[in-house]
Amino acid sequence: MRKISFVPRLASALGLMLAVPSATALAQSLECDGPAPVGCYEATVTGPSGETAQMSGFAQSFGSHAEDAWQARLMTPGGESGITLMHGGAGLPSTGEYLIEDFGAHAGKPPAGGFLAMGTAYLDASAASGFQSVTGTVVITASSSSWVEGTFTCEGRDPQSGATVTVEGRFKAKHQGM
């Protein structure tokens, strides 16, 4: 198992404190404390052989207008891995449960009212480090002009190898507008 997590020195330099329990507890609210202008996330990516990558880092939300595709960008420090959740044509998503749809079937453009997901995670024994959503759900638990918070679970496929991964996580994204 390769663990991807906060680099304490970087977090300290940015003034960000991340309080994350050791096990993903999707029902609990994620706490992001500190003066940094971003939120936080945590996720687990499980590869086809059962190997896992634990990811955590910064979370930002973009897109405010009905004609914009809203995005949550979930990034590890250094930008080597992360996840992007995209919601089609509705600006900020309201609270509720949404389907994550097949990335390839929609040519990477989020469908109206639906989500797509893509990302990169480093798994030791797997060629499935990059992934695009096949199916899943996003649950938005809080949504305002300042923050968007929720959970997500999806099955993804590496577009190069066809290997599949399962992704589960939660986020509290600071809204940046657009």
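This dialogue shows how to read several features of the predicted model above.

Trainee: On what basis should the values be read?

Mentor: The model is predicted: local features need pLDDT of at least 70 and side-chain atom pairs count only at pLDDT 80 or more, while totals for chains, interfaces and linings use all residues. Residues are numbered from 1 along each chain as its sequence is written, and side-chain values use heavy atoms, with hydrogens and water left out.

Trainee: How many helices and strands does the protein have, and which pattern do they follow?

Mentor: Helices (H or I, at least four residues) and strands (E, at least two) are DSSP runs, numbered from the N terminus. Here there are one helix and twelve strands, in the sequence order β-α-β-β-β-β-β-β-β-β-β-β-β.

Trainee: What share of the residues is buried?

Mentor: Buried means under 20% relative accessible area, exposed over 50%, and partly exposed in between, with a 1.4 Å probe and protein chains only. Of the 178 residues in the protein, 47% are buried. The accessible surface, by the Shrake-Rupley method with a 1.4 Å probe, comes to about 8,100 Å², and carbon and sulfur atoms account for 52% of that surface.

Trainee: What share of the contacts joins residues at least 24 apart?

Mentor: A contact means heavy atoms within 4.5 Å. Among contacts between residues at least 6 apart in sequence, 55% join residues at least 24 apart.

Trainee: How is a single strand such as S7 to be read, and why is S7 described as largely enclosed?

Mentor: In a regular strand the side chains alternate between the two faces of the sheet. Strand S7 covers residues 82-87, and six of its six residues are buried, so it is largely enclosed by the rest of the structure. Gly82, Thr84 and Met86 point one way, whereas Ile83, Leu85 and His87 point the other way, and all are buried.

Trainee: Which strands pair with S7?

Mentor: Two strands pair if DSSP finds at least two bridges between them. S7 pairs antiparallel with strand S6 (residues 70-75) over six bridges, and six bridges also join S7 to strand S9 (residues 115-120), again antiparallel. His87 stands opposite Trp70 in the pairing with S6, and Phe115 is the bridge partner of His87 in S9.

Trainee: What surrounds Gln71?

Mentor: Gln71 lies in strand S6. Leaving aside neighbours within four places in sequence, Gln71 is in contact with Gln60, Ser61, Phe62, Thr84, Leu85 and Met86. A polar contact is a pair of N or O atoms within 3.5 Å; within protein, one must be able to donate a hydrogen and the other to accept it, and residues adjacent in sequence count only if both atoms are side-chain atoms. The side chains of Gln71 and Arg73 make such a contact at 3.0 Å.

Trainee: Where does a positive phi occur?

Mentor: Most residues other than glycine have a negative phi. Ala107 is not a glycine, yet has a positive phi of about 50°. Ala107 sits in the loop between strand S8 (96-100) and S9, and is exposed, with a relative accessible area of 73%. Among glycines, Gly78 has a positive phi near 95° in the hairpin of S6 and S7, which has six residues between the strands.

Trainee: How do strands S10, S11 and S12 pair?

Mentor: Strand S10 (residues 130-143) and strand S11 (residues 147-157) pair antiparallel over ten bridges, with a hairpin of three residues joining them. Gly136 stands opposite Cys154 in S11. S11 also pairs antiparallel with strand S12 (residues 164-175), over eleven bridges, and Thr153 stands opposite Glu168 in S12. In the hairpin of S11 and S12, with six residues between the strands, Gly162 takes a positive phi near 85°.
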